[in-house]
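Student: I am new to this structure and would be grateful for a close look at a single part of it. Please describe the second largest pocket, and then continue to the parts around it and beyond.

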Amino acid sequence: MSEVISAARQPSVIPKVGFVSLGCPKALTDSELILTQLNAEGYQTSKTFEGADLVIVNTCGFIDDAIKESLDTIGEALAENGRVIVTGCLGAKKVSGNAGEGDVNLVRQMHPSVLAVTGPHATQEVMDAVHLNLPKPHDPFVDLVPNSFGIAGIKLTPRHYAYLKISEGCNHRCTFCIIPSMRGDLVSRPIGDVLGEARALFEGGVKELLVISQ
């Protein structure tokens with residue numbers, strides 16, 4: 001069994017964050033925002049746990065198979081690395097606790113040793129957790145975003161296409177769907193932001209934009 005590494009462990013010269021992104025294209029765009037911010041602040045990022053100072057897992061919690069995959073991935077990251085931040089839809093999922101406890105966070109219940117848990121589209125909360133557990137002073141003269149998409153940031157898709165998210169959440173309350181409880185009510189992005197991101201992607205070489213919403 002891997003030993004859980006203390007939160008006080010000293011980071012490497014350039015702190016390295018392992019990142020796993022699960023779920024739908026909307027979750028992928030959340031991952032892109034977090035990765036863009038990490039790179040802008042000078043953190044190294046990796047798709048593997050090896051050599052990482054901590055790991056971020058962006059989860060899905062929509063169906064049972066996705067919940068199992070997310071919980072298994074968190075467990076694998078804890079076993080291999082020991083320092084894990086959880087974000088995404090599963091991070092917002094509550095389950096009934098023991099008598100007198102009320103509802104409890106599912107991720108915390110299954111994996112109590114994770115460093116932090118946030119819900120979806122929570123870039124700042126994730127970065128706050130990173131800053132707390134893996135601090136690195138920001139140097140505006142050296143910490144540049146290594147991509148050619150400008151304001152559109154880092155993309156995890158192949159270079160010829162990208163997802164363009166125009167809104168988040170849903171106002172409907174279908175009895176079979178848990179999306180509103182996880183991602184909140186419908187909020188549209190300002191049209192200027194959407195057009196600006198689309199323009200930056202086009203100028204960076206993207207040929208196909210896949211518009212996504214709820």
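Tutor: A residue is called buried when its relative accessible area is under 20%, exposed when it is over 50%, and partly exposed in between. The model is a predicted one.

The second largest pocket has a volume of about 290 Å³. Its lining is made up of 15 residues, and those nearest the centre are Thr29, Leu33, Lys165, Arg189 and Glu197. By class, seven of the lining residues are charged, five are nonpolar and three are polar. Four elements each give at least two residues to this lining: helix H1 (25-40), strand S8 (161-165), strand S9 (167-168) and helix H6 (191-203). H1 provides the largest share, four residues.

That helix may be taken next. H1 has 16 residues, which at 1.5 Å a residue should span 22 Å, and its end C-alpha atoms are indeed 22 Å apart. Of these 16 residues, 13 are buried, so H1 is largely enclosed by the rest of the structure. Just after the helix, Gly42 takes a positive phi of about 95°.

Strand S9 and helix H6 can be examined through one residue each. Ser167 lies in S9, and with a relative accessible area of 5% it is buried. The C-alpha atom of Ser167 is separated by 9.6 Å from that of Val194, although the two residues are 27 apart along the chain. In H6 one finds Ile191, an exposed residue whose relative accessible area is 63%. Between the C-alpha atoms of Ile191 and Ile166 the separation is 8.2 Å, and these residues are 25 apart along the chain.

The cysteines deserve separate attention. A disulfide is a covalent bond between the sulfur atoms of two cysteines. The structure holds zero disulfides. For Cys170, the closest cysteine sulfur is that of Cys174, and because the distance is 6.5 Å, it is too far for a bond. Cys177 is likewise in no disulfide, since the nearest cysteine sulfur, again in Cys174, is 6.2 Å away, while a disulfide requires the two sulfur atoms to be within 2.5 Å. In accessibility, Cys170 is buried at 16%, whereas Cys177 is partly exposed at 24%.

Another helix shows how burial can be arranged around an axis. Helix H2 (residues 64-80) has 17 residues and an expected span of 24 Å at 1.5 Å a residue, which agrees with the 24 Å between its end C-alpha atoms. Its buried residues are Ala66, Ile67, Ser70, Leu71, Thr73, Ile74, Ala77 and Leu78. They cover an arc of only 155° around the axis, and therefore lie on the same side of H2. In an α-helix there are 3.6 residues a turn, so residues three or four places apart point the same way. The face of H2 turned away from the buried side carries the exposed residues Asp64, Asp65, Lys68 and Glu80.

A last point concerns the backbone. Most residues other than glycine have a negative phi. His121, however, has a phi near 35°, a positive value in a residue other than glycine. This residue lies in the loop between strand S7 (116-117) and helix H4 (123-133). With a relative accessibility of 40%, His121 counts as partly exposed.

How values were computed: Residues are numbered from 1 along each chain as its sequence is written. This is a predicted model: local features need pLDDT of at least 70, side-chain atom pairs count only at pLDDT 80 or more; totals for chains, interfaces and linings use all residues. Side-chain values use heavy atoms; hydrogens and water are left out. On a 1 Å grid over the protein atoms alone, a cavity is a set of points where a 1.4 Å probe fits but cannot get out, and a pocket is an open set with protein on both sides within 12 Å along at least five of seven lines; lining residues have an atom within 4 Å of a point. Grid points are joined across faces, edges and corners, and a volume is the space filled by probe spheres set on the points. Ala, Val, Leu, Ile, Met, Phe, Trp, Tyr, Cys and Pro count as nonpolar, Asp, Glu, Lys and Arg as charged, and the others, Gly among them, as polar. Buried means under 20% relative accessible area, exposed over 50%, partly exposed in between (1.4 Å probe, protein chains only). The expected span of a helix is 1.5 Å times one less than its number of residues. The arc is that of the directions from the helix axis to the C-beta atoms.
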